[in-house]
Amino acid sequence: MSDAVSPTPLPIVRGLGGRCPRCGEGRLFQGFLTLRARCDHCGLDFAFADAGDGPAVFVILIGGFIVVFAAMVTEILYQPPYWLHAALWLPLILIVTLAPLRPIKGLLIALQYHHKAAEGRLVERRSDD
Ligand SMILES: [Zn+2]
């Protein structure tokens, strides 16, 4: 276990690639969306990582816009039958939701690490302030 910290912060590249936000070498994910307990290269504990519903929200908003916009344009221009709409948009929904889910989760965790984001905590006020 080394304490290697890259001098160049590349949270976007590391997150999108599913790599450790500190060293950029170790893998972040164990399965499709399951995080490893710690980095297998630098030993960073991934217990801090909590993307919550963030990846799903971005995927829903971005993917929803792409599919709805494409379906509307197709309907306005060509008026295809409904079975063709289903044949076109159902596979596209799977592609635009499943493909970016993991990179976006990695990105949010890398940005969380980079910006040291955590839950808010109450701090006791000092009397000399
Ligand atoms: Zn690492």
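Helix α2 has 25 residues. From its first C-alpha to its last it reaches 36 Å, close to the 36 Å expected at 1.5 Å a residue. The model that shows this helix is predicted.

**Helix α2 and its cover**

Which residues of α2 are buried? They are Gly54, Pro55, Val59, Gly63, Val67, Ala71 and Thr74. A general rule about helices helps in reading such a list. An α-helix has 3.6 residues a turn, so residues three or four places apart point the same way. The cover over the buried residues of α2 includes α3, which runs over 82-114.

Glycine 64 also sits in helix α2. Is glycine 64 buried or exposed? Neither label fits, because its relative accessible area is 28%, and that makes glycine 64 partly exposed. The C-alpha of glycine 64 is 8.3 Å from the C-alpha of valine 96. Along the chain, these two residues are 32 residues apart.

**The zinc site**

Now turn to the metal. Which residues coordinate the zinc ion? Cys20, Cys23, Cys39 and Cys42 do, each through its SG atom, at 2.2 to 2.3 Å. The angles among the four donor atoms are 107 to 113 degrees, and the site is tetrahedral. In sequence, the donor residues follow the spacing C-x2-C-x15-C-x2-C. Two of these donors, cysteine 20 and cysteine 42, link distant parts of the chain. They stand 22 residues apart, and each lies in the loop between α1 (11-16) and α2 (54-78). Cysteine 20 and cysteine 42 are both buried.

**After the helices**

Most residues other than glycine have a negative phi. Two residues here go against that pattern. Glutamine 79 is not a glycine, yet its phi is positive. Glutamine 79 comes just after α2, in the loop between α2 and α3. Lysine 116 is not a glycine either, and its phi is positive too. Lysine 116 belongs to the segment after α3.

| Residue | Phi |
|---|---|
| Glutamine 79 | about 45 degrees |
| Lysine 116 | about 55 degrees |

Why does lysine 116 count as exposed? Its relative accessible area is 71%, so lysine 116 is exposed.

Glutamine 112 lies in helix α3. Why does glutamine 112 count as buried? Its relative accessible area is 13%, and the cut-off for buried is under 20%, so glutamine 112 is buried. What does glutamine 112 touch, leaving aside its neighbours within four places in sequence? Its contacts are Phe48, Ala49, Asp50, Ala51 and Ala117.

**The whole protein**

Step back to the full chain. The protein has three helices and zero strands. From the N terminus on, the elements run α-α-α.

What is the radius of gyration of the protein? It is 20 Å, whereas a compact globule of 129 residues would have one near 14 Å. The C-alpha trace spans about 70 × 40 × 25 Å along its principal axes.

Of the 129 residues, 30% are buried. The accessible surface comes to about 9,100 Å². Carbon and sulfur atoms hold 64% of that surface. Contacts between residues at least 6 apart in sequence can also be sorted by distance along the chain. Among them, 51% join residues at least 24 apart.

Terms used
Residues are numbered from 1 along each chain as its sequence is written. This is a predicted model: local features need pLDDT of at least 70, side-chain atom pairs count only at pLDDT 80 or more; totals for chains, interfaces and linings use all residues. Side-chain values use heavy atoms; hydrogens and water are left out. Donors are N, O and S atoms within 2.8 Å of the metal (3.2 Å for Na, K and Ca); water is not among the atoms, so sites may look incomplete. Four donors count as tetrahedral if all angles lie between 85 and 135 degrees; four count as square planar and six as octahedral if opposite donors are over 155 degrees apart and all others between 65 and 115; anything else is irregular. Helices (H or I, at least four residues) and strands (E, at least two) are DSSP runs, numbered from the N terminus. Buried means under 20% relative accessible area, exposed over 50%, partly exposed in between (1.4 Å probe, protein chains only). The expected span of a helix is 1.5 Å times one less than its number of residues. Contact means heavy atoms within 4.5 Å. The radius of gyration is taken over C-alpha atoms; the globule rule is 2.2 Å times the number of residues to the power 0.38. Accessible areas come from the Shrake-Rupley method with a 1.4 Å probe; for residues, only the protein chains shown count as cover.
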